[in-house]
Amino acid sequence: MADEVNKTAFIEIQSRMIELTSKLKQVQNQMRTKEGEKKRAFLTLEELSQVPDDTNTYKSIGRMFVLELKAVLMNEQEQKLKDSESAIGSLQTSKEYMEKQLAEVEKNLGELLQQDPGLARQIMSMSM
């Protein structure tokens, strides 16, 4: 009876661990994407700042380019930079929270396997 309870607990912990791991990877990918957007906005701002104010500047919209004031393009890039930074901050908070949860799940799994060495042997025999 206790053996079945431990197996059920192991399956629950294992599924929670898999779920948290996939969510953590998803958040890390989102952070990478936002970092790329931030870098692109920063580099675009850097290039725009070197261009004289009276130069014609164009904004890409799909497959066409539209004449746009330099100031408008600079404001858009600054806004993208700010948005990316705030998104990265919130994603970092989510990442830290998930890492704490994952550590707790790993701890629970370790405790369960220490509590029932027979379960650990069964798991090892199944994986080989």
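Colleague: Which residues line the largest pocket?

Modeller: Please keep in mind that this is a predicted model. Rolling a probe the size of a water molecule over the atoms shows where empty space is left. In this structure the largest pocket is lined by Glu37, Arg40, Ala41, Thr44, Gln77, Lys80, Asp83 and Ser84, and the space in this pocket comes to about 160 Å³.

Colleague: Which helices supply at least two residues each of that lining, and how do the lining residues divide into nonpolar, polar and charged?

Modeller: Helices H1 and H2 each contribute at least two residues to the lining of the largest pocket, and the lining residues divide into 4 charged, 3 polar and 1 nonpolar.

Colleague: Let us take Gln77 from that list; is Gln77 buried or exposed?

Modeller: Buried means under 20% relative accessible area. Gln77 has a relative accessibility of 10%, and therefore counts as buried. Gln77 sits in helix H2, and, when residues up to four places away in sequence are not counted, Gln77 touches Ala41, Thr44, Leu45 and Leu48.

Colleague: And what about Asp83, another residue of the lining: why does Asp83 count as partly exposed?

Modeller: Asp83 has a relative accessible area of 42%, and so it is partly exposed, since that class runs between the buried limit of 20% and the exposed limit of 50%. Asp83 also lies in helix H2, and its C-alpha is 9.0 Å in space from the C-alpha of Lys34, although the two residues are 49 residues apart in sequence.

Colleague: Turning to the nonpolar cores, which members of the largest one touch the most other members?

Modeller: A nonpolar core is read as a set of buried residues of certain kinds, joined through their side-chain atoms. The largest nonpolar core here has 15 residues, of which Phe10, Ile13, Val27, Met31, Leu112 and Leu119 touch the most other members. Helix H1 (2-50), helix H2 (70-115) and helix H3 (117-127) each supply at least two residues of this core, and the largest share, 7 residues, comes from H2. Apart from this core lies another, of 6 residues, with Leu45, Leu48, Leu73 and Leu81 among them.

Colleague: Which residues does Met31 touch, if residues up to four places away in sequence are not counted?

Modeller: With those neighbours set aside, Met31 touches Ile88, Leu91, Gln92 and Lys95.

Colleague: What does Gln101 contact, leaving aside its neighbours within four places in sequence?

Modeller: Gln101, whose place is in helix H2, is in contact with Arg16 and Leu20 once those neighbours are left aside. In addition, a polar contact of 2.9 Å joins the side chain of Gln101 to that of Tyr97.

Colleague: How should I read distance along the chain against distance in space, and how many residues apart in sequence are Gln122 and Lys7?

Modeller: The two kinds of distance are best read side by side. Gln122 and Lys7 are 115 residues apart in sequence, while their C-alpha atoms are 9.8 Å apart in space. Gln122 lies in helix H3, and it touches Asp3 and Lys7 when residues up to four places away in sequence are not counted. At 30% relative accessibility, Gln122 counts as partly exposed.

Colleague: What separation in space is found between the C-alpha atoms of Glu35 and Lys7?

Modeller: The C-alpha atoms of Glu35 and Lys7 are separated by 42 Å, with the two residues 28 residues apart along the chain. Glu35 has its place in helix H1, and at 38% relative accessibility Glu35 counts as partly exposed.

Conventions: Residues numbered from 1 in each chain as written. Predicted model: local features only at pLDDT ≥ 70, side-chain atom pairs only at ≥ 80, totals over all residues. Heavy atoms only, no water. Core = buried A, V, L, I, M, F, W, Y, C linked by side-chain atoms within 4.5 Å. Buried < 20%, exposed > 50% of the residue type's maximum accessible area, 1.4 Å probe, protein only. Helix = DSSP H or I, 4+ residues; strand = E, 2+ residues; numbered from the N terminus. Contact = heavy atoms within 4.5 Å. 1 Å grid on protein atoms, 1.4 Å probe; cavity = no way out; pocket = protein on both sides within 12 Å on 5 of 7 lines; lining within 4 Å. Points joined across faces, edges and corners; volume = space filled by probe spheres on them. Nonpolar A, V, L, I, M, F, W, Y, C, P; charged D, E, K, R; others polar. Polar contact = N/O pair within 3.5 Å; in protein donor to acceptor, adjacent residues only side chain to side chain.
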